[in-house]
Amino acid sequence: MRRKSRSISPRRRKSRSPITRHHKSRSPTPKRYKRQRSRSSSLSPVHKSSSPSLVSIERKNASEKLKKEEEERKRRQQEAELKLIEEETAKRVEEAIQKKVEERLNSEEIKQEIQKRLEEGRRRLNDEVAAQLEKEKEAAILEARQKEEVAKKENEELEKMLEENRKRVEETQRREAMEQQRREEERYRELEELQRQKEEAMKRKKQQEEEERLNQMKLLGKNKLRPKLSFALGSK
């Protein structure tokens, strides 16, 4: 209780003021003595005068606290009651709506409307399916044409490539045939030359043999004359 009275005392707050401390900072010892005196002198009368007021304040605070708790309890109770009322109202409204919907659905008019919408839905679905099938059919035809064009183009390119290969093969064969013919003609000329050389050699040989034969005949003719002469000389 003393601490509370100290905090309430205005003299203590005034003694803590930095302005007062600034003016009386020359003599620390008297200041401390004066502070103790002022504290001791100010405590007792404040304590005596504030005790009844503190009790009344506590009672007032307790009363206000009870009042607030009672108000909070009532507020919560009202909120709970309102919540129950809202839930019950919502439940009844939902039941009424459900009942109304069931009655409405069971009516002949609604049944006819539902049947009508079902038929429209089936008709719309059939139209959509037919349109989708037609669209897919056109897409398939277009795809088939594109594939056919691609295949045709590929066949043309293949035929062109085969034609080019055939031409290259024919050109290669023609060149090889010409080369073969050139080699054969060259070989034939070589054979002709060999044949001519052979014939000339044989001709020269015959001519040589004929010359040798003639020479031998000449020699033989001379030899026939010589023995007669020698015989005649021997007989003398």
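**Note on a predicted helical model**

1. The side chains of Arg-204 and Glu-200 come together in a salt bridge, with an N to O distance of 3.9 Å. Both residues belong to helix α5, where they lie four residues apart, about one turn of the helix. Glu-200 is partly exposed, with a relative accessible area of 34%. Elsewhere, salt bridges that share partners link Glu-72, Arg-75, Arg-76 and Glu-79 into one network. The model is a predicted one, and the remaining points should be read with that in mind.

2. On the overall architecture, the protein contains five helices and zero strands, and along the sequence it therefore reads as α-α-α-α-α. Of its 236 residues, 3% are buried. The accessible surface amounts to about 22800 Å², and carbon and sulfur atoms account for 53% of that area.

3. Confidence deserves attention before any detail is discussed. The mean pLDDT of the protein is 78, and 72% of the residues score at least 70. Helix α3 (residues 18–23) has the lowest confidence, with a mean of 42, whereas α5 has the highest, at 87. Residues 1–50 have a pLDDT below 50, and this stretch makes 17 contacts in the model beyond near neighbours in sequence. Over residues 229–233 the pLDDT likewise stays under 50, and for these residues the model has zero contacts beyond four places in sequence. Where pLDDT is low, the predicted coordinates should not be read in detail.

4. Salt bridges are a recurrent topic in this model, since a search of the whole structure finds 19 of them. As a general matter, side chains of opposite charge can pair when their charged atoms come close. In helix α4, the side chains of Glu-88 and Arg-92 form a salt bridge with an N to O distance of 3.2 Å. These two residues are separated by about one helical turn, because they stand four residues apart in α4. Glu-88 is partly exposed, at a relative accessible area of 36%, while Arg-92 is exposed, at 56%.

5. Helix α5 offers a further pair, in which the side chains of Arg-117 and Glu-113 meet in a salt bridge at 3.1 Å, N to O. Arg-117 and Glu-113 are four residues apart in α5, and so about one helical turn separates them. Arg-117 counts as exposed, with 57% relative accessibility, whereas Glu-113, at 34%, counts as partly exposed.

6. The surface also carries a nonpolar patch, formed by Val-93, Ile-97, Val-101, Leu-105, Ile-114 and Leu-118, which together have about 480 Å² of accessible area. Helices α4 (28–105) and α5 (108–235) each contribute at least two residues to this patch, and α4 gives the most, with four residues. Among the patch residues is Leu-105, which is placed in helix α4. Leu-105 counts as partly exposed because its relative accessibility is 43%, and the partly exposed class lies between 20% and 50%.

Notes: Residues numbered from 1 in each chain as written. Predicted model: local features only at pLDDT ≥ 70, side-chain atom pairs only at ≥ 80, totals over all residues. Heavy atoms only, no water. Buried < 20%, exposed > 50% of the residue type's maximum accessible area, 1.4 Å probe, protein only. Areas by Shrake-Rupley, 256 points an atom, 1.4 Å probe, with all protein chains shown as cover. Patch = residues over 30% accessible without salt bridge, like charges linked within 9 Å, V, L, I, M, F, W, Y side chains within 5 Å. Salt bridge = Lys/Arg side-chain N within 4 Å of Asp/Glu carboxyl O. pLDDT = per-residue confidence, 0-100. Contact = heavy atoms within 4.5 Å.
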